[in-house]
Amino acid sequence: FFLMIRRPPRSTQSRSSAASDVYKRQKQVRANYRQNPYHNSVHALDVTQTVNYLMKTGKFSEIASLNYLEVGAMYIAACVHDIDHPGTNNQYHINTRSELAIRYNDKAVLESYHSALAFQILQEENYNILAKFSREEHNKMRERIVSMVLATDMSTHFSEVGKLKTKLAAKDFDPKGKDKNSSMDLIVHASDISNPIKPWNICFEWAERVLIEFFAQGDEERSLGIPINQLGDRYTLNPSKSQIGFIKVIIEDTFLSLHRFLPNIKEAIENLDSNKEKWVEKVEEYEQQLKDLNEKKKLEDEEAEKNQQKL
């Protein structure tokens, strides 16, 4: 957040004023996050901290020779990437023909909304952290922030990770030059899905929280008679199996590729391997929970049918 002002303040009084401004602007961003189980202001903070980890511990900022505008843009993008998230995903909005889906033509619906809302807030006089930038700097910051927020759209995941793997294999990867922007985008995207690289207690809590949202959406989809998202059916999904699949299909490729040019993130890779093993250990526990849940549902359905017949 050092970019909240254009230049470092010199006097103690001006530093105090700058700190107050930073807090005020940060508070406004936080206030625009909803109190969802997963997509909330704490998730935004977690993603921002992960970006910081990859830039500092992973030394991405050095490896890519980021300037102060690029560093600041990464932090800001991480902070605002899910602002005012409604707790439902893009496909839900497309299937329900929501106002947001109509507005953004079914393309990166939420990501487009998050970036647009972020800059709407930045247009306000009291929160315009880019006010003292030159036009050129402002345009650069805007382009980078919008691009990184849009990069959190999972629909582009496989193509972007695939491009990185191809370039790494061909030794045609240049994070300081032609591949800098795409690398910045990928760092923010990877941070957004980074729960499995955290210590187990953090990984587990975020997994439980996201499933609360997925299942709530699935229940709503079931009631509306529209397709249930593949992670949203509480009567068929085994959380352990879904997390193992998520790690194998999405996370391993992403972070092992990052590890090839960010060798200092070894701890994250170790956490990933350890967490996968812990999820394997919990498969049978969740299978029993699923069995119990479906037996309960069967009894409830039978009772509801009997009551209907009496009417």
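Start with a hunt for sulfur bridges: a search of the whole structure turns up 0 disulfides. A disulfide, for the record, is a covalent bond between the sulfur atoms of two cysteines. Keep in mind as you click around that this is a predicted model.

While cysteines are on your mind, select Cys-79. Is Cys-79 buried or exposed? Its relative accessibility is 11%, so Cys-79 counts as buried, the cut-off being under 20%. Now try Cys-203, which is also buried, at 1%.

**Zoom out**

Switch to a cartoon view of the protein chain. You should find 14 helices and 0 strands, so don't go looking for a sheet. Draw a box around the C-alpha atoms along the principal axes and you get roughly 80 × 45 × 40 Å. The radius of gyration is 22 Å, which agrees with the figure near 19 Å for a compact globule of 311 residues.

Colour by burial next: 48% of the 311 residues count as buried. Turn on the surface, and you are looking at about 16700 Å² of accessible area, 51% of it belonging to carbon and sulfur atoms. If you show contacts between residues at least 6 apart in sequence, 74% of them join residues at least 24 apart.

**Stop one: helix α10**

Select residues 180-192. This is α10, with 13 residues. From its first C-alpha to its last it reaches 19 Å, close to the expected 18 Å. How many of the 13 residues of α10 are buried? The count is 11, so the rest of the structure largely encloses this helix. Among the buried ones are Met-184, Leu-186, Ile-187 and Val-188, but also Lys-180, Asp-185, His-189 and Asp-192.

What packs against them? Bring up α2 (41-56), α3 (60-63), α4 (68-80), α8 (135-150), α9 (157-169) and α12 (239-261), and you have the helices that the buried residues of α10 pack against.

**Stop two: helix α14**

Jump to residues 283-310, which make up α14. This helix has 28 residues and reaches 41 Å from end to end of its C-alpha trace, close to the 40 Å expected. Click on Val-283, Tyr-286 and Leu-290, which are buried. An α-helix has 3.6 residues a turn, so residues three or four places apart point the same way. The cover over the buried residues of α14 includes α11 (200-224), α12 and α13 (266-281). You have met α12 already, as one of the helices packed against α10.

**Stop three: two unusual backbones**

Most residues other than glycine have a negative phi. Select Arg-97 for an exception: its phi is positive, about 55°, although it is not a glycine. You'll find Arg-97 in the loop between α5 (90-95) and α6 (99-103). Arg-97 is exposed too, with a relative accessible area of 69%.

Then step along to Ala-108, where phi is near 45°, again a positive value in a residue other than glycine. Ala-108 sits in the loop between α6 and α7 (109-122).

**Last stop: Ser-155**

Finish in the loop between α8 and α9, where you'll find Ser-155. Its relative accessible area is 62%, so Ser-155 counts as exposed, being over 50%. Which side chain does Ser-155 join in a polar contact? Show Asp-153: the two side chains are linked by a polar contact of 2.8 Å. Now add Asn-90 to the selection. Ser-155 and Asn-90 are 65 residues apart in sequence, while their C-alpha atoms are 9.8 Å apart in space.

Key. Residues are numbered from 1 along each chain as its sequence is written. This is a predicted model: local features need pLDDT of at least 70, side-chain atom pairs count only at pLDDT 80 or more; totals for chains, interfaces and linings use all residues. Side-chain values use heavy atoms; hydrogens and water are left out. Helices (H or I, at least four residues) and strands (E, at least two) are DSSP runs, numbered from the N terminus. Buried means under 20% relative accessible area, exposed over 50%, partly exposed in between (1.4 Å probe, protein chains only). A disulfide is a pair of cysteine sulfur atoms within 2.5 Å. The expected span of a helix is 1.5 Å times one less than its number of residues. Contact means heavy atoms within 4.5 Å. The radius of gyration is taken over C-alpha atoms; the globule rule is 2.2 Å times the number of residues to the power 0.38. Accessible areas come from the Shrake-Rupley method with a 1.4 Å probe; for residues, only the protein chains shown count as cover. A polar contact is a pair of N or O atoms within 3.5 Å; within protein, one must be able to donate a hydrogen and the other to accept it, and residues adjacent in sequence count only if both atoms are side-chain atoms.
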